[in-house]
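Here is a set of short exercises to work through with the model open beside you. Try each task yourself before reading the solution.

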Amino acid sequence: MSKPTSLFVIFFSLFVMSEAVFEDQVGKFDWRQQYVGKTLFAHFDSHSQSSKKLFLATDKNIFASFNSRTGELFWRHVDKAGPEGTIDILLLHGQDALMVVGGGRLLRSWDTNMGGLNWEAVLDTGSFQAACFVAMQDTVKHVAVLKKAGTVRHWFSYLVYSGGEEEVYVLGVVPNSHLTIIAYSLEDGEIIKQRSVEAPWLSSVESSCVVVGHGVLMCVDTATLALYALPIQAEEAPQFNQILLQSLDLEVSPGFQPVLVSSQPHPARSPISEFFLQLGPDHHVLLQLNADGYTIAPLRDFQPAFLVSFSTTGEKTVAAVMTPKNETSDVFPPQLYVHAFLKKDDSVGYRVLVQTQDHALTFIQQPGRVVWTREEALADVVTMEMVDLPLTGTQAELEGEFGKKADGLFPMVLKRLSSQVILLQAWLAHLWKLFYEARKPHGQVKNEVTIETLSRDEFNLQKMMVMVTASGKLFGIDSKSGSILWKHYLENVQPNAVFKLIVQRTTAHFPHPPQCTLLIKDKDTGLASLHVFNPIFGRKSHIAPPALPRPILQSLLLPVIDQDYAKVLLLVDDQYKVTAFPSTKNVLQQLQEMASSIFFYLIRSDQGNLSGFRLRKDLSTERIWEVVLPTEVQKIVAVNGKRPNEHVHSQGRVMGDRSVLYKYLNPNLLAVVTESTDAHPERAFVGVFLVDGVTGRIIHEAVQRKARGPVHFVHSENWVVYEYWNTKSRRNEFSVLELFEGTELYNSTVFSSLDRPHLPQVLQQTYIFPSPITTMEATLTEKGITSRHLLVGLPSGAILSLPKMFLDPRRPEVVTEHSREENLIPYAPEMPIRTEWFINYNQTVARVKGIYTAPSGLESTCLVVAYGLDIYQTRVYPSKQFDVLKDDYDYVLISSVLFALFFATMISKRLAQVKLLNRAWR
Amino acid sequence: MWLHVRLSEVCLFLQAMFILACCFSDMESGPIATSGSVQPNGDRFKIEGRAIVPGVKTQDWISSARVTVEGEEYIGFLGTDGSFVVNDVPSGSYVVEVISPGYKFGAVRVDITSKGKMRARLVNFIKTSEVIRQPYPLQLRSSGPRTYLMKRETWGWTDFLMNPMVMMMVLPLLIIVLLPKVVNTNDPEMRKEMEQSMNMLNPNPELPDVSEFMTKLFSGSKSSSSKAIGGSKASGRPAVKRRWCQNITCTSGLRNYCNWSCHGNYNAIFKKSFFIRLYNCFLSRVFFPSSEIQVCK
């Protein structure tokens, strides 16, 4: 028994060698960008004068601290995604940041200096309404949280107010009836007094009222076009005091709901008596409540002004107004945060943080200088593609030589010579540049990537990453440096839209520009639109996409190309009619010829229906098969085919006895994963069906009992790897299905789904995986020679590179001579996780949502992009770098040995001559 | 009147929860409102514990760490002193982990009964029902920084010289060349001394000759050779080792120096563990060329 174990150990050590990132490789070809999402609340650290901290709470349930000088993260706390982690409010006082989380579930206090938690308290049940600090005698000691318990239908909006006394006021509104004011004592939370005021015009206290001056509630009403003032703390029966806007010479733009903006600089003091009234989308007026508490004086009119905000430092309060410089700006900034501070000469300085509609966060310093901008839209990447960069002029010249038809011997020689001269020129220019840069001081040399200098490198390792975000903003990112080269904001994208990015033409067809098409589909209506653009420059293409009046069910990219080398995209609508894009005559003719061999499938997961269609010559379709998985028992969770750009190098596996086990390589195979509708741990199951997409034949069916999702799976080559939760043993398990034709191939030249009489042999093995996973993908290389690894995203943010060798259903339980010769690892139930296999070492990627793999020009190298909250780009070498010299190749040693040998030969030759001469003399 | 009725109704129905909590002045005591493991909202419980990284200040690692319960099902954050509470967890069995990109922490399985009784035990995915108790509230000690990166194997003269194969070649060569010059073998006193040392080497003359024994062993089955690896790995018994090394060197065609090294100044040289290791390496290299890395280390 000792021998197998020792062998196992050896395997292990070999993998360690092949997998880990070396120390000097850190940051060499990988990069990470961290994002937080759209800002909901922002606070500047006003604790000390020179502080450069900025605190943000975002819609991705993240509480983060930024360096306001650089825009880099100090720390970030990622809470659970979804409604349980939503941040309802963020209040900052001194070094304490208070947060209400999860709709009033928890109250947290953070130490903003260290980034640690001070304490966490569970609040009573009820939905969160409002919160504010409560202060007593200039010290902030309490926080008031208002929650709604049970099903209360009377109050619709709330306001909590504390003006520095020992009382807290809660204002509630019964829409179009009256307003109730309840005062609570700070000591014991008892109700002190309670009053009601008639307000038939008031529907919401949150949206139309603010507290101004010494406890005066100021409301604005659209119907009567008037301001209403009400002293909250008045002893006797209070009454709203109406002030008509007309009397102040103010006019509301038609159809606009006026908004009030006020500020309470310190919880221990009353709000300031100045406030803003927004009268139109770009019209604000600064007003002041006079000391009598009833009359209002207009101070200044701001038009145009998009956003207004107050900020206080010491005794001074600054009103910030953002005015647009030119009308062309298409992104509207919905939020503005201002931080004012006193300069040394006692004048007021300011810093501004602007959140725009496209989720960009911009930090501006005093004279209107943009210090940094963060593209927070990248916190929610939906889909991405990697596109080859275009060739440079010289490269294109060389390529063109091979592409053109031969026109005689002499012109060919001339052309060859001329291209060689061009190459020489380019090389000399490169050398000169190197020499020139070497003379410069080190810090000045900058290798900035701009869109003009973009060109493919010799191994095609640098590519353009086209990323589509949920907010509808598209990005073009250079994969080498991570710098954003272009961005394009698509307006009018519904928040629940689904995207599909298709590369219709790559950069290989010079002079035709590369072309990407983004299919944007509204999830509710199914209506879709196309956005056609150039992935290198981000510009919208002049090609007009077809109008799509009907909901789209399926889209498929055909290998058919039109005369401009663009692949044809077929869109199937809900009447099973097909639209082709591009739809030139040439394309339609080709489609007619090929129609009988174009098949596609549709999934109706709500009906448990999987059906296959064939294209007819007139671009209508006919249904040829249907598989029904009854929805009462199970529901279809995911369907996945193989990646079209995947290559399989070897047709089979050589076994220990020198026979060949041929793989079942069906390109039309679909893996359908179902989950049981019964969630009981004893009866839950996960099903995997392998269905032929052309014939509808079920090739294999595997059911995992006592299992439930979420199921993550990868379908590639002749295998399917899936992961599920074992409800009985409470652990995650990996299962691998591998399909083989057997030791003989039925038809080795061509694969046809219609002519395969024998079902494949299916092997399956299951392993325990000691961690939950969030996503899974397989590496991909140019020719498929390199062994495959699975890239597994873990909840800790690590990306594990797991050799496919560990997920091989032929791993033997008992080691034999044959299995040893095949290099099969003996079966072990538990899969190892080693930190050396983490391809992103300590650069964790929070909430990994997807891993994208792309082949590079080198067979050994696969490009990997993991995206989620963060974006991480790296390269992996699943079988080591076998086709290039290693990074640590020792040129010095090799050359010194060579020189030493050379000199040794010279010397020994000389010595031998001398010796011969001496002997001759003797 | 109507107003009054309406108001009381408001009072009754609108239990607008009002929580006044949390003193800002003394942070350590935390909120007073909740205490005990059973929380106000019935069947929800909390998992408590503390994470420690020995020798590292808490502020250096807590901001990047968090506590996950069963993946990301429930999440807790670390307090400024390394303690943590995960609130709102229903009864069940969970794997609790402290996740930090810098430091390793072990996972613990926490079982919560429907009555709120807590138990912590070691995680065992294979024997899921096995119970090895752990302290509760959890005490999670980091076992050190995580190692993600490999060190490059650098080439240096010392590495080359210290390579076992090179040592095997060079050292005996040196000994052969140098020793006859240092030790005068014609001196009768010296000869006597050497004979004595040879006697010392073979304390028990009744024992069969080791080399003979070994040749028998190796001419036998293959399984015995695998045992040889096991033997060479166990460094506890020097006596056994001596025989091994003696024998291997003698059978591997280096008879000349070997004989000398075994019979001559044996004790002086081979007492040093380094040489034992060296010979072990040699041994494994001869018989298991593929396993060099592992065994040598």
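The exercises below concern a predicted model, and each is followed by a worked solution.

**Exercise 1. Getting an overview**

Task: Find how many helices and strands chain A has, and what share of its residues is buried.

Solution: Start with the secondary structure: chain A contains seven helices and 59 strands. Next, turn to burial, counting a residue as buried when its relative accessible area is under 20%. Of the 922 residues in chain A, 53% are buried. Finally, look at the contacts in chain A with a separation of 6 or more: 50% of them come from residues 24 or more positions apart.

**Exercise 2. Sorting the cysteines**

Task: Work out which cysteines form a disulfide, and why C516(A) and C862(A) are not bonded to each other.

Solution: Recall first that a disulfide is a covalent bond joining the sulfur atoms of two cysteines. To assign one, look for sulfur atoms within 2.5 Å.

- Step 1: The sulfur atoms of C209(A) and C219(A) are 2.0 Å apart, and these two residues form a disulfide. Over all chains, the structure holds one disulfide.
- Step 2: Place the partners. C209(A) belongs to strand β17 (residues 209–212) of chain A and C219(A) to strand β18 (residues 216–221) of chain A, so the pair ties together parts ten residues apart in sequence.
- Step 3: Check the geometry. The angle about the S-S bond is 110°, and the link between C209(A) and C219(A) is right-handed.
- Step 4: Check burial. C209(A) is buried at a relative accessible area of 3%, and C219(A) is buried at 0%.
- Step 5: Now take C516(A). Its closest cysteine sulfur is in C862(A), 19 Å away, which is too far for a bond. Looking from C862(A), the closest cysteine sulfur is that of C516(A), again at 19 Å. C516(A) is buried, with 0% relative accessibility, and C862(A) is buried with 0% as well.

**Exercise 3. Reading two open sheets**

Task: For the sheets β21-β22-β23-β24 and β31-β32-β33-β34 of chain A, name the edge strands and give the average twist.

Solution: Begin with β21-β22-β23-β24 of chain A, an open sheet of four strands with antiparallel pairing. Its edges are β21 (259–261) and β24 (296–302) of chain A; each has a single partner strand, so one side of each lacks a neighbour in the sheet. From one strand to the next, the twist averages 30°. Zooming in, β21(A) pairs with strand β22 (residues 274–280) of chain A in the antiparallel sense over three bridges. Within this region, L260(A) has L277(A) in β22(A) as its bridge partner.

Move on to β31-β32-β33-β34 of chain A, also an open sheet of four strands with antiparallel pairing. Here β31 (381–388) and β34 (484–489) of chain A are the edge strands, each pairing on one side only. The twist averages 15° from one strand to the next. Seven bridges join β31(A) to strand β32 (residues 463–469) of chain A in the antiparallel sense, and M386(A) stands opposite M465(A) in β32(A).

**Exercise 4. Following a helix in chain B**

Task: Describe the span of helix α4 of chain B, and find where α4(B) bends.

Solution: Helix α4 (residues 164–182) of chain B has 19 residues. Compare its span with expectation: 25 Å from first C-alpha to last, close to the 27 Å expected at 1.5 Å a residue. Then trace the axis: α4(B) bends by about 25° at I176(B), with a proline, P180(B), following within four residues. To finish, locate the buried residues of α4(B), which include P164(B), V166(B), M167(B), M168(B) and P172(B).

Key:
Residues numbered from 1 in each chain as written. Chains lettered and ligands numbered in written order. Predicted model: local features only at pLDDT ≥ 70, side-chain atom pairs only at ≥ 80, totals over all residues. Heavy atoms only, no water. Expected span 1.5 Å × (residues − 1). Bend = angle between axes of the 7 residues up to and from the residue. Buried < 20%, exposed > 50% of the residue type's maximum accessible area, 1.4 Å probe, protein only. Pairing = 2+ DSSP bridges. Axes fitted to C-alpha atoms, helices over the stretch in contact; angles between N-to-C directions. Contact = heavy atoms within 4.5 Å.
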